[in-house]
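Biologist: I would like to go through this model with you, one question at a time. Please give the cut-offs as you use them.

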Amino acid sequence: MRYFEREELLLRPIPRSPGGQRVYAQADVEWLLLCNRLRESGMPIATLRTFAGLVRSGPGNERERLALLEAHEQSVRDRLAELTADLDVIHNKVVTYRTHVDEGTAVGVWSPEPT
């Protein structure tokens with residue numbers, strides 16, 4: 001939580017209790033969950049900071065927010081496509097190995113020694 005404060009990602013100053021503890025509202029928690037999801041999906045901190053700044057500044061910049069989110073969505077989709085292609089190659093190797101193991105012909109398959 002302090003990390004988000006240091007990085008200027010919160011939407012408002014977080015009030016403190018008389019004992020000095022931060023008091024988060026449900027909206028703060030929901031915002032932090034969104035920030036975590038955006039970070040986990042690969043959004044750079046600088047972009048997240050820009051997004052938070054736009055949200056903090058209030059109405060009037062919705063198109064900028066939308067453009068930022070659309071760009072991130074496309075980035076995630078591109079990464080998913082790459083991962084799907086990687087998974088297809090891996091799956092094909094698994095199927096090949098499984099066939100060789102099941103048929104007892106796995107010895108020497110992709111051996112480091114030239115045949």
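Biologist: Which residue follows H2, and what is the sign of its phi?

Modeller: This is a predicted model, in which local features need pLDDT of at least 70, side-chain atom pairs count only at pLDDT 80 or more, and totals for chains, interfaces and linings use all residues. Residues are numbered from 1 along each chain as its sequence is written, and side-chain values use heavy atoms, with hydrogens and water left out. Helices (H or I, at least four residues) and strands (E, at least two) are DSSP runs, numbered from the N terminus. The residue that follows H2 has a positive phi, near 100°, and is Gly 42.

Biologist: Which residues follow H3 and H4 with a positive phi?

Modeller: Just after H3, the phi is positive at about 90°, and the residue is Gly 58. After H4 the phi is positive too, near 75°, and the residue is Gly 104.

Biologist: Which residue has a positive phi although it is not a glycine?

Modeller: Most residues other than glycine have a negative phi. The residue in question lies in the loop between H1 and H2. Its phi is about 60°, and the residue is Glu 8.

Biologist: What end-to-end distance should helix H2 have, given its 15 residues?

Modeller: The expected span of a helix is 1.5 Å times one less than its number of residues. H2 covers residues 26-40, and its end C-alpha atoms are 21 Å apart. That agrees with the expected span, because 15 residues at 1.5 Å a residue should give 21 Å.

Biologist: How does H4 compare with its expected span?

Modeller: H4 has 42 residues, for which 62 Å is expected at 1.5 Å a residue. From the first C-alpha to the last, H4 comes close to that, reaching 60 Å.

Biologist: Why do the buried residues of H2 count as lying on the same side?

Modeller: Buried means under 20% relative accessible area, exposed over 50%, and partly exposed in between (1.4 Å probe, protein chains only). The buried residues of H2 are Asp 28, Trp 31, Leu 32, Cys 35 and Leu 38. They are on the same side because the arc they cover around the axis, taken from the directions from the helix axis to the C-beta atoms, is only 120°.

Biologist: Which residues of H2 are exposed on the other side?

Modeller: The side opposite the buried residues of H2 holds the exposed ones. They are Gln 26, Leu 33, Arg 37 and Glu 40.

Biologist: Which helices do the buried residues of H2 pack against?

Modeller: Contact here means heavy atoms within 4.5 Å. The buried residues of H2 pack against helix H1 (2-6), helix H3 (45-56) and helix H4 (62-103).

Biologist: What covers the buried residues of H3?

Modeller: In H3, the buried residues are Ile 45, Leu 48, Phe 51, Ala 52 and Leu 54. Their cover includes H1, H2 and H4.

Biologist: Which residue forms a salt bridge with Asp 28?

Modeller: A salt bridge is a side-chain nitrogen of Lys or Arg within 4 Å of a carboxyl oxygen of Asp or Glu, and by this rule the count comes to four. Asp 28 counts as buried because its relative accessibility is 7%. Its partner is partly exposed, with a relative accessible area of 32%. The closest N and O atoms are 2.5 Å apart, and the partner is Arg 12.

Biologist: How many residues apart are Glu 7 and Arg 49?

Modeller: Their side chains meet in a salt bridge at 2.2 Å, N to O. The pair links distant parts of the chain, with Glu 7 in the loop between H1 and H2 and Arg 49 in helix H3, and the separation is 42 residues.

Biologist: What N to O distance does the salt bridge of Arg 77 and Glu 73 have?

Modeller: The two residues are four residues apart in helix H4, so they are separated by about one helical turn. Glu 73 is partly exposed, with a relative accessible area of 41%. The side chains of Arg 77 and Glu 73 meet at an N to O distance of 3.1 Å.

Biologist: Which residues form a nonpolar patch on the surface?

Modeller: Patches are made of residues with over 30% relative accessible area and no salt bridge; like charges are joined within 9 Å, and nonpolar side chains (Val, Leu, Ile, Met, Phe, Trp, Tyr) within 5 Å. Accessible areas come from the Shrake-Rupley method with a 1.4 Å probe, and for residues only the protein chains shown count as cover. With about 270 Å² of accessible area together, the patch is formed by Leu 87, Ile 90 and Val 94.
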